[in-house]
Structures are given as structure tokens and as C-alpha cells.
Protein chains: 2
Amino acid sequence: MRAATIIDVAKHAGVSKKTVSRVINNEANVRKETKEKVQASIAALDFKRNPLGMALAKNRSFFIALLSDNPSPGYLMNLQKGILQSCTEQHMGLFLYDCSYRSTGLVTEIEDLVENTLVDGLILAPPICDKIELLEMLDARNIKYIRIGPKDLERGESIGFNGMKSSYDMTNYLLKLNHRDIGFITGHPDQESARRSEKGFRQAFEDAGLEVNESLVVQGYYTYQSGINAANTLLNKEKRPTAIFAANDEMAVGVLYEAQSQNLRVPDDLSICGIDDISITTKVWPNITTMRHPLLSIGYQAASLLIDRLKDKKSMMPAMGPDHATIIDGELVIRDSTSKHK
Amino acid sequence: MRAATIIDVAKHAGVSKKTVSRVINNEANVRKETKEKVQASIAALDFKRNPLGMALAKNRSFFIALLSDNPSPGYLMNLQKGILQSCTEQHMGLFLYDCSYRSTGLVTEIEDLVENTLVDGLILAPPICDKIELLEMLDARNIKYIRIGPKDLERGESIGFNGMKSSYDMTNYLLKLNHRDIGFITGHPDQESARRSEKGFRQAFEDAGLEVNESLVVQGYYTYQSGINAANTLLNKEKRPTAIFAANDEMAVGVLYEAQSQNLRVPDDLSICGIDDISITTKVWPNITTMRHPLLSIGYQAASLLIDRLKDKKSMMPAMGPDHATIIDGELVIRDSTSKHK
DNA sequence: AAGCTAGTTGACACCGGTGTCAACTAGCTT
DNA sequence: AAGCTAGTTGACACCGGTGTCAACTAGCTT
């Protein structure tokens, strides 16, 4: 059985298809009786607007894309879930695109994606959101996007976490537990967020009138394996840290693994904490103390914001400027991987 | 700058748009010189076919949807990745839809989804793939789908793992390690796969001439929490099992947590193993022994198969019948969570 | 009653492609 | 040269909607 079209409805209601279109789109200036007649026909024929016809006529695809390249599966999953929820509510489709941040062809790749799928807008997850060349291309093509991340780059709108504050708060928490030899594993050097969290770490020491032990600040790359490697480095120091703070949970899980491999008791011998609150932190033993970054909520808000922007054609994003950055604070979640020193 | 359309190309090449269409679609019966002329114009104008126009004309959306409701994030992530890869290669879009298996409105919900998005076909992940009412609706509407799971239901095409064999092999492995008191945590009672794995477990005992200790077979639901609960039950028995085999990794991780909470050493005091090989199994300490089910590959194959079927309109799926089931064997991956008894 | 205005409606073109069918062409056979 | 056939091409309608604009209507003011 062929699905009913707008013409079928028009015939059934005895009006023109344009009038049916008006009713579907809930436009003003349709006489009440006409509207009711059309609505009755729509119900009678079980008519549903064909999104392809509409998309072609409106020159909009009603799809947005999520661009990601994140090494932490838990991170992406939650973000995606939130985005999906908003898209579903607003009858937009979501296109997933997993790309490689480091690929030299990234910009061309995305350009092709945009041309081939005609997506209306993009959500850029970290670290894609920090790729200046990409942002330039999108601006030049006047394609709207929302960055998930810090607002430092003076481009587009963004929504993100207050990574510096999260890191500051967590460091403070460790200091209050009397830890002084705190190992810190940084994020990927390419990413803005890494700088912010290191800043927060150092600020907390400074505000407490303490010195950071530089030999305990180790480079990480946000991946599980880099967490293991960094932990290995830290735990082999002559003076071992009493706590290790990793710039994300994925690495913190790696630290936990390495500690357990070395027969250290967590938290008695070593406190461990991370940032994000991805699901694995409550699956490993012991559960990991972290700063909760509500990714699902961020995803939801980012998608809602983007879809909003797409609705009013007049307000182009450049006009709104980079000031439109939403910053969300993390929340300390104390679990079983941290305890008082001594 | 407006993107070039087929009419622009036609004008530039001095032919009709139909001829351009023929060249784009690589149809036979276009004179060589004409073809080259058109191709030159396409290159000159950087023309890309508008997928919406094509979709409308062909009455196909070039989108497929993945229907999922899986409690194990790692499981879904890999599956999705494989599907996405195939879709990208074949220029199809992927629509994600996370639904609730137990929701009474599921069938209506999917019906709406199909009507609103006009997806060309569906991939049904477990446990959605076992929902008979849904399959009936899809068959009635003549919508193609591929089920990811066992072929037991005599409907549609499917691609899945040999869950019984995986379970059989794992049980055998434990028996060879001299374990006799093996705790088994079953899958969700609603799902076909759960029956198959329990069958494999029992078969291995039977073939070895041994009796299953019925008090050590405990109900699970494929979730992390159900793994914890089942482990708790098992570890509080007067005679504790020396090994616990969970029907999926997600539960096995729960078992590991519970064992560690109770200060048991794994694998010295208790061997633990699961099925699937999701990423978390190599992030917890110790790494968990499992049967690898190559989800990425399954996802890729399922999508490729579906897209293939969509291409030839003639071969409707009912005609192919349920015999077209691809079964893939798992592979034993021995890690650090299992060891010889005594 | 004529004139005005805001509200209501439909004809028509259009978005960017594909399918059908008829007309034309080239090259062969008779 | 006429007739035939297979290959090549384009005119036109169509997929299912929306935008523009003009025509019509109802109700008001003068």
C-alpha cells in the first residue's frame, strides 16, 4: 500500500495541496473550518509528511552530524546518547562520523562529507573541535557547528566543561586528604583541554602555598595505554607518589591496572582519581573517584542549541560570536580509590 | 556559492540532463565522446549528485537504521563501528535508534520511525532481533532487515555467532583446567542467545561424562549489576565454585568486582571468564579470559549484506528464506583471570 | 454603495534528480 | 537505395513537498 501524499489529502479534503501544506506547517491565516477539514483528512488517510520531499523543497536535509575521534569509548557513548535524544525529540537525524584527528586529509574528508550528505550542521567533539583548519573551512562555507569543549578558540559557539575548575577541585580534594606527592598525568598535548586541566592542578598547589613536584608531572595522551605507561613511570620513581591524578578516567583506569599489577593496594598504598565519570569507573574494583562531567547532558544541550540555530536562518552564528559559550561545572564524586594519606 | 546541479552540467556539456544522469550512473549506451565530455564538465564544475533529489526520484532514502537496546556499552560500540564502516564505504547513511526491548509500544514506535525516516532497511541487534511482533510488522510492510543473532527464528536473514559452540568451548577449557565446581551465570531469559549458551555449557559437561552442579547455575541478565548479584549468590554457597563462567563479559566484569570486594585473589582463588571480548576485559586487572566474538566484523558483514539486498529489488528477502544465516565461530582468548585448579 | 484592508486560497514554478518513451543516428544487410 | 536493428539522445512527466504571487473574500470604514 502506497503511503498517502499531500495530493491525496488535498483531494480528500477538497482543497489545494498548498493549503494542506499550510495546515501541516501550522501556518497562520487558514480558516478554522478549512483547517479542521484538512486535519480530518490527514487523520483519515494516515498521512505523514515525506521528509525527502520537504528536505528537497526547503534545501535542508534535517540531519546533523557528530564528528568524533575520541579514544575513550565511554566518553563518546554518553555524548552520543545525549545528542541522539535531542535529535529524536526534534525530528532531526543524526549522522555519525568517526574521523582521525591526525589525518592530513581531515578537512577534505569533512568537506566531502558535508557535500555528500548535505548535513545542516555539525557537532564537533573533542579533539576535532580544536582543529582550526576545519573550523575555517566550515566558516568559509557558512556551515553551522557547535564545539564541545572550552571556548578558548574565538570561533563559533561552544559548550563545554570548566576543565580547569574540575582539575583544581580534584587537586584540592587530594591536598585535603594530606597528599603532597601527587602524580599528575596530563592530557594530549594537542588539545586545549589538556592545558586547562594542568593549569587547574598547578593553581590548586599555588593557592595552597605549596610547590608542585615537577618530576611527578608526566605526559599522557588520554588513552588507557598512556595511563598505564605514565603510571609505570611514576611508580618507579625513587620517591613514589602517594596519589595519582589522571586528566581523564580512561587513563585513571590504566593507572589502577598498573598499580594492581605491581601489587599495590588501592587506596591504601596509592590513591587514584580521574575526570569525566565514564561508566567503567564504577565497574572496576575499587570504584574510581572522579569529577563528573555530565556528558549526556552536554550532548543533549549541544544538539538542542545547534538545532535551534538552524531554525532561525537570520541569526547566523558568526553574528552571535564566540561569546556564546556555555560552561558547565563538574562535580566531585568520591568513591573508593582515594583515601587520607598516613 | 551554490553547488552545481545536473542542469548546470548539462548546459556546460551541451547535452540534456538525462544524458548527464546516464553518465553519473554509469549506464551503458552512452557514446564514448559524449561520456568524456560530460565527465569533463562534471570535473570542471565540481558537481556532486544531490542525494535528496536522487532519493526522492528513486523512492529510496539511502539510509539504514540500527535498532539496539543492549545493556553492554562495549558490545554496541564495536557493532556500530563495523556497521558504520560498511555504510560509509557504500555511501549509505546510518540512523541510530536506541529503543526499549520491553516497552509495550515498541512495534508502533518502530513503525513510526520507518514511516518518518523512510529508511531502506534495518539491522536488528540483540535482543531486538528476537522480538517476533516486530519482525511480523516488518515482514508485513515488506521492509528488509538483517538480524544479528542466532537463526532459530524462521524469519529473515541473520548473521550471528555460534553462541552454543562458544559456551561449549569455554566450558571445556575450564574442565581441562581441572575445574569441576563451575558457576554458570546465564543470559537474559527472554533472549535466544541465553538458551544457546546454557546449552553449550551443559553439553560440555555431558560430553565429558560429568554432572552439572545445578545449584551453581544462576540466573543473570547480561548486565554488570546482574553479574555482581549472581557472583554474590555463588560465592556465598557453602561449597564455593572454583571458577565462574558468565554468559557475557559485562557480567564477568561484575563477577571480578565482587570477587575482589570479597578479597578473593583472581585467578588463584577463583577463575573468571566471559564471552564477547569487549574492550573492558583488557582494562580491568587481571585481564579477563573470554571467547572473542568479532563484533566489528559482524557489524560490517551485516550492513554489507543488507545493502546488497537493497540493491537488487527483485530478490525479496522472504524468497531467500531463513536459511540464509551466517554463523561465525568465536575464538578462545586466554588471559589472566583463569588458571589451573589446585 | 464604493473603497480599503487584512485574511484566505490556489495556480504555478521550483527543489534536483530518475524513468518512460519516442525520435533520431549509424552501420549493417538485402 | 531501401529496410532493418541496435545504439544514442532528449522531451516530458514525475517523486513529494514549499515559496511566490495574484485573485478572491469578508468585514470594516468612509
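Around DNA strand D in this predicted model, four helices each supply at least two residues of the nearby surface: α2 and α4 of chain A, together with α2 and α4 of chain B. So both chains have a hand in it, as the list of helices shows. In total, 25 residues surround DNA strand D, and the closest are A:I6, A:S21, A:N50, A:G53 and A:A57. The helix with the largest share of this surface is α4(A), which gives five residues. Sorted by class, the surface near DNA strand D has nine nonpolar, ten polar and six charged residues.

Now turn to the other strand. DNA strand C is surrounded by 25 residues, with B:I6, B:S21, B:N50, B:G53 and B:A57 the closest. Here too, α2 (17-24) and α4 (51-58) of chain A and α2 (17-24) and α4 (51-58) of chain B each bring at least two residues to the surface. For DNA strand C the largest share, five residues, comes from α4(B). The class counts for the surface near DNA strand C are nine nonpolar, ten polar and six charged.

How are the two protein copies related? Chain B superposes on chain A by a rotation of 180° with 0.0 Å of shift along its axis, and the RMSD is 0.0 Å. The two copies are thus related as by a two-fold rotation axis.

Then there's the protein–protein interface. In it, 31 residues of chain B are in contact with 31 residues of chain A. On the chain B side, the elements giving two or more residues are α4, α5 (73-89), β2 (93-98), α6 (106-117) and α11 (249-261). That side of chain B divides into 18 nonpolar, nine polar and four charged residues. The copies meet through the same surface, because 100% of the interface residues of chain B are also interface residues in chain A.

One piece of that interface is worth zooming in on: the two α5 helices. α5(A) and α5(B) pack at an angle of about 85°, with their axes 11 Å apart. Angles of 65 to 115 degrees count as roughly perpendicular, and α5(A) and α5(B) are therefore roughly perpendicular to each other. The contact takes A:P73, A:G74 and A:M77 from α5(A), and B:P73, B:G74 and B:M77 from α5(B). In class terms, that contact of α5(A) with α5(B) has four nonpolar, two polar and no charged residues.

Staying with α5 but moving inside chain A, we find another helix pair. α5(A), residues 73-89, packs with α12(A), residues 295-311, at an angle of about 40° and with axes 7 Å apart. That angle makes α5(A) oblique to α12(A). The crossing, as α5(A) passes α12(A), is right-handed. On the α5(A) side the contact residues include A:Y75, A:L79, A:I83 and A:C87, while those of α12(A) include A:L295, A:I298, A:Y300 and A:I307. By class, the contact of α5(A) with α12(A) has eleven nonpolar, eight polar and one charged residues.

Chain B offers a helix pair of its own to look at. Helix α10(B), residues 224-235, packs with α11(B) at an angle of about 50°, their axes 7 Å apart. α10(B) and α11(B) are therefore oblique to each other. α10(B) passes α11(B) in a right-handed crossing. Among the residues that meet are B:Y224, B:I228, B:A231 and B:L235 in α10(B), and B:M251, B:V255, B:Y257 and B:E258 in α11(B). The class counts for the contact of α10(B) with α11(B) are eleven nonpolar, five polar and two charged. Recall that α11(B) is also among the elements on the side of chain B that touches chain A.

Finally, some backbone oddities. Most residues other than glycine have a negative phi, and most peptide bonds are trans. Against that background, the peptide bond joining A:P126 and A:P127 is cis, with omega about 5°. A:P127 sits in the loop between β3 (121-124) and α7 (132-140) of chain A. Over in chain B, the bond from B:P126 to B:P127 is cis as well, with omega near 5°, and B:P127 is in the loop between β3 (121-124) and α7 (132-140) of chain B. As for phi, B:D46 has a positive value, near 55°, and is not a glycine. B:D46 lies in the loop between α3 (32-45) and α4 of chain B. That α4 is the helix with the largest share of the surface near DNA strand C.

Technical notes:
Residues numbered from 1 in each chain as written. Chains lettered and ligands numbered in written order. Predicted model: local features only at pLDDT ≥ 70, side-chain atom pairs only at ≥ 80, totals over all residues. Axes fitted to C-alpha atoms, helices over the stretch in contact; angles between N-to-C directions. Parallel < 35°, antiparallel > 145°, perpendicular 65-115°, else oblique. Left-handed = near helix turned anticlockwise from the far one by under 90°. Contact = placed C-beta atoms within 7 Å. Nonpolar A, V, L, I, M, F, W, Y, C, P; charged D, E, K, R; others polar. Near = placed C-beta within 6 Å. Least-squares fit on C-alpha atoms with pLDDT ≥ 70 in both.
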